[in-house]
Amino acid sequence: MLVALTVAVAVAALALAAWCGFAAYRDQPTKDWHFIGMAMVSLLALAQLVVGIVLLARGERPEQGMTIFICYLIGAFAAVPAAGFLSLTERTRWGSVTVAAGAVVLAVLEVRLHDIWGS
């Protein structure tokens, strides 16, 4: 895996978590700007998904198994969009908390992806 892309996704996810966490602290729901931030983080996760699939297609293999790697890639890609959709149903501060939690989950998944690949 590309370490730079993994770090970029994790840092962007943590920035989104801090931003939405601050919105929750201020008792605000997710707003349009938050959804733009979620889209940016999701694009980075999509880029990582594509890079991971290309690396697998070229014959490179993760140290800890291809199945678990693919599952983590898909989970990392889906974490922030799923939290964003849930925040649409909860238009209180808890929607912002949901997105912050989803972004933290994405950052943790990035660390795990790095470990699974064996870099």
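In the predicted model, helix α2 comprises 26 residues and extends 37 Å from its first C-alpha to its last, close to the 38 Å expected at 1.5 Å a residue (the expected span being 1.5 Å times one less than the number of residues; helices are DSSP runs of H or I of at least four residues, numbered from the N terminus). Residues are numbered from 1 along each chain as its sequence is written. Because the model is predicted, local features need pLDDT of at least 70 and side-chain atom pairs count only at pLDDT 80 or more, whereas totals for chains, interfaces and linings use all residues, and side-chain values use heavy atoms, with hydrogens and water left out.

The buried residues of α2 (under 20% relative accessible area, 1.4 Å probe, protein chains only) include His34, Gly37, Met38, Val41 and Ser42, and the buried set packs against α1 (3–25), α3 (66–89) and α4 (contact meaning heavy atoms within 4.5 Å).

The axes of α2 and α3, lines fitted to C-alpha atoms over the stretch in contact, with angles from 0 to 180 degrees between N-to-C directions, come within 10 Å and cross at roughly 165°, which means that α2 is roughly antiparallel to α3 (over 145 degrees). Among the α2 residues that meet α3 are Phe35, Leu46 and Ile53.

Helix α2 (residues 32–57) and helix α4 (residues 93–117) pack at about 20°, with their axes 12 Å apart, so that α2 is roughly parallel to α4 (under 35 degrees). Their contact involves Met38, Val41, Gln48, Leu55 and Leu56 of α2 and Val99, Leu106, Glu110, Leu113 and Trp117 of α4.

How values were computed. Helix = DSSP H or I, 4+ residues; strand = E, 2+ residues; numbered from the N terminus. Parallel < 35°, antiparallel > 145°, perpendicular 65-115°, else oblique. Buried < 20%, exposed > 50% of the residue type's maximum accessible area, 1.4 Å probe, protein only.
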